[in-house]
Amino acid sequence: MKTGLSILVALAIATGAQAQDFYAGGALDYAYPHSGDSQLVGSVIGGLALSNNPDLNYGAEAELGWHLAGDADYGTQRLRLWSTYDLGDVRARVAGGLTYYDIPGGDANGTNLGVGVERDFSPNVTLRGEFIRDFMDDTFTAAVTTTRIAVLYNF
């Protein structure tokens, strides 16, 4: 997991000089492990858009999440590559990457896939809705589905 994260971070930094946009923001996530114990997570997100095509964009982002409430108690970290396609009023979004859970008494690694939509409310503010599926190894559950609402500030 750490090697994969290092490679993705290095790629994001190496292409950062070509970045057209940097964004940061926060999200409220509802995580539902398929074993049952759900939780509410607060996440901070930061990322780079690496293209400036009006229809098709792509980039990379990192996020950290902290347990806010619920039966489960674990922190989340994700490093993801993403792409969006402009549909008019909204952009369709797909993403995938690596996931790390900080579980009391241990940790867990896995991968993630996400689908969602984004909408700009101003040149600097974007609202995002997304479903993320984490596929975890050696943990309390093999899969966790997260529903996310995020507000992002575009620099």
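**Exercise 1. Count the aromatic pairs in this predicted model, then describe the one formed by Tyr23 and Trp82.**

Step 1. Rings of Phe, Tyr and Trp (its six-membered ring) pair if their centres lie within 6.5 Å; planes under 30 degrees apart are stacked, over 60 edge-to-face, and the rest tilted. This rule gives four aromatic pairs.

Step 2. Tyr23 and Trp82 are an edge-to-face pair, with 6.3 Å centre to centre and 65° between the planes.

Step 3. Tyr23 sits in strand β1 and Trp82 in strand β4 (residues 75-86), so the pair ties together parts 59 residues apart in sequence. Strands (E, at least two residues) are DSSP runs, numbered from the N terminus.

Step 4. Tyr23 counts as buried because its relative accessibility is 5%; Trp82 is buried too, at 8%. Buried means under 20% relative accessible area, exposed over 50%, and partly exposed in between (1.4 Å probe, protein chains only).

A word on the ground rules: residues are numbered from 1 along each chain as its sequence is written. Local features need pLDDT of at least 70, side-chain atom pairs count only at pLDDT 80 or more, totals for chains, interfaces and linings use all residues, and side-chain values use heavy atoms, leaving out hydrogens and water.

**Exercise 2. Work out the surroundings of Asn154.**

Step 1. Find Asn154 in strand β8 (residues 143-154). With 12% relative accessibility, Asn154 counts as buried.

Step 2. List its contacts (heavy atoms within 4.5 Å). Leaving aside residues up to four places away in sequence, Asn154 touches Phe22, Tyr23, Asp120, Pro123, Asn124, Val125 and Thr126.

Notes:
Helices (H or I, at least four residues) and strands (E, at least two) are DSSP runs, numbered from the N terminus.
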